[in-house]
Amino acid sequence: KLINRFLAHQFARPSGLVGRYLIAPALDRIGRKLNGLALELLEVRAGEAALDVGIGGGGLLKRLSALQPLKVAGVDISEEAVARARRRFGQRVEIVKAGAEALPFDNASFDAVASVSVLHFWRDLGPPLREIARVLRPCGRLVLVFEPPDALRRWRGHV
């Protein structure tokens, strides 16, 4: 049970060497299909600003930056995920260590916001959703992609 809790914590907030070298890269592989779905639904166009809330391994950021919108940004609470994304994307993507309940961006600064496989880690949906609404421009697009509870229960140690 201890190892299951450790792994569940790592997937929620990758940290240390395990988070850096095993979990963060694994998040890219695990989330490939969900990131693809989020990107398709988000419909980001040239000249727009897009935000990824809970960047994990950075898979969605990679796809967003390839679209060459005006601005791509991402936030995560994991120091390892943030450090890895900063090394991976350099200045092309603005990466900030922050939680979804306190986004460090101006009001109405994004046309599109996505969050993939993060919603189930939020204890209270209100604060993150209010913050996302605050940074989203009027008529902006929000895509929340997550696995159904039955699929999440298959991950041992996941609460």
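Helices here are DSSP runs of H or I with at least four residues, strands are E runs with at least two, and both are numbered from the N terminus. Keep in mind that this is a predicted model.

**Exercise 1.** Work out how many helices and strands the protein has, and in what order they run.

*Solution.* Start with the tally: seven helices and five strands. Now walk from the N terminus, and you get α-α-α-β-α-β-α-β-β-α-β-α.

**Exercise 2.** Find out which side of helix 3 faces inward, and what covers it.

*Solution.* First, pick out the buried residues of helix 3 (residues 32-42): Leu-34, Asn-35, Ala-38, Leu-39 and Leu-42. These sit on the same side of the helix, because they cover an arc of only 140° around the axis. That fits the usual geometry: an α-helix has 3.6 residues a turn, so residues three or four places apart point the same way. Next, flip to the other side of helix 3, where Lys-33 and Glu-40 are exposed. Finally, look at the cover over the buried residues, which includes helix 4 (59-66), strand 4 (110-116) and strand 5 (136-145). Just past the helix comes Glu-43, with a positive phi near 50°.

**Exercise 3.** Decide whether Val-53 is buried or exposed, and list what it touches beyond four places in sequence.

*Solution.* Locate Val-53 in strand 1 (residues 49-53). Its relative accessible area is 2%, so Val-53 counts as buried, the cut-off being under 20%. Then collect the contacts of Val-53: Val-75, Ala-100, Val-113, Ala-114, Ser-115, Val-116, Val-118, Trp-122 and Ile-132. As a last step, take Ile-132: it lies 79 residues from Val-53 along the chain, yet their C-alpha atoms are separated by 8.7 Å.

Definitions and conventions:
Residues numbered from 1 in each chain as written. Predicted model: local features only at pLDDT ≥ 70, side-chain atom pairs only at ≥ 80, totals over all residues. Heavy atoms only, no water. Buried < 20%, exposed > 50% of the residue type's maximum accessible area, 1.4 Å probe, protein only. Contact = heavy atoms within 4.5 Å. Arc of directions from axis to C-beta.
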